[in-house]
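User: I am new to reading protein models, and I would like a close look at one loop. Please explain which residues stand out there, and then how it compares with a few other places in the chain.

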Amino acid sequence: MIITALLLAIAVIAYLCGSVNGAIIVSRYLFRSDVRDLGSGNAGLTNFYRNYGAKGIAGVLAIDVAKGLVGAFIGGLLLGLATSDPLLKPEYVDIGRVFATFCLVLGHVFPIFYGLRGGKGILVGVSAVFVVDTDAALIALVVFALVVALTRYVSLGSVLGAASVPVTMLANGFSGLCLILALLTLLIIVMKHMGNISRIIKKREPRFVFRRDLSHKLDEEKF
């Protein structure tokens, strides 16, 4: 009974934390607009940068990284309370952290505060993974950086980086339940990137460039 109650508490806390979207908050309060109305319509770091530039990036990073770290930490802390057995506690902590990561990504993708229209879960996901398994997070970042450097497809780097996480967790001896939760999280991320994957196959996906995309302003009278 206590495990069920703790899992429910983790789900609610992590989901609500995930629903606090940095790109939406910063775009509204700093630029008086909604990042979801511009560019790709995604409430994520890449679309934010393409439309607003570097200004405000620190705020987006601070919010989304903080919620990932805090949410995963709380998840492990709470489920760790379910046992006092020193042999079982590490496993409970791991499960709590990975379950919290799943709920964080779910909240980021489908935020209750913003009409269930959020981002794609990459930034909050990798932040939470730093709490779950630092090796997995670092390898994911390396994979992401290499893929983006070689192809300039942020979406492809994101998906392949995310896919590397359960592989590293498997190599590091995480339990089957943790791996299932990690795969479910990956499934959400892949589903959110299906449009990008389709455009990459058709060679229609825009490549990332280090400058703002002002194409959405072409029809404005003052542009």
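Analyst: Here is a tour that begins at one loop and then moves on to salt bridges, another loop and some helices.

The model is predicted, so local features need pLDDT of at least 70, side-chain atom pairs count only at pLDDT 80 or more, and totals for chains, interfaces and linings use all residues. Residues are numbered from 1 along each chain as its sequence is written, and side-chain values use heavy atoms, without hydrogens or water.

Let us start in the loop between α2 (22–31) and α3 (45–52), where you will find Asn42. (Helices are DSSP runs of H or I with at least four residues, numbered from the N terminus.) Asn42 has a relative accessible area of 14%, so it is buried; buried means under 20%, exposed over 50% and partly exposed in between, using a 1.4 Å probe and protein chains only. Setting aside neighbours within four places in sequence, Asn42 is in contact (heavy atoms within 4.5 Å) with Val35, Asn47, Gly118, Gly119 and Lys120.

Arg32 belongs to the loop between α2 and α3 as well. At 66% relative accessibility, Arg32 is exposed. Its phi is near 55 degrees, a positive value in a residue other than glycine. As background, most residues other than glycine have a negative phi. Elsewhere, in the loop between α5 and α6, Leu116 also has a positive phi, about 65 degrees, without being a glycine.

Now for charges. Side chains of opposite charge can pair when their charged atoms come close. A salt bridge here is a side-chain nitrogen of Lys or Arg within 4 Å of a carboxyl oxygen of Asp or Glu, and the whole structure has four of them. One joins Asp34 to Arg28, with the closest N and O atoms 3.4 Å apart. Asp34 is buried at 11% relative accessible area, whereas Arg28 is partly exposed at 36%. These two are linked with Arg36 in a network of salt bridges.

Another salt bridge, 3.2 Å from N to O, pairs Asp64 with Lys67. Both sit in helix α4, three residues apart, about one turn of the helix, and both are buried. Arg199 and Glu205 also form a salt bridge, their closest N and O atoms being 2.9 Å apart. Arg199 is partly exposed at 34%, while Glu205 is buried at 10%.

Another loop, between α8 (154–171) and α9 (176–192), holds Ser175. Ser175 is buried, with 19% relative accessible area. Its side chain makes a polar contact of 2.6 Å with that of Glu91; such a contact is a pair of N or O atoms within 3.5 Å, one able to donate a hydrogen and the other to accept it, and residues adjacent in sequence count only if both atoms are side-chain atoms.

Finally, look at helix α1 (residues 2–19). Its 18 residues reach 26 Å from first C-alpha to last, close to the 26 Å expected at 1.5 Å a residue, where the expected span is 1.5 Å times one less than the number of residues. Leu6, Ile10, Ala14, Tyr15, Gly18 and Ser19 of α1 are buried, and what covers these buried residues includes α4 (57–79) and α5 (89–109).

Key
Helices (H or I, at least four residues) and strands (E, at least two) are DSSP runs, numbered from the N terminus.
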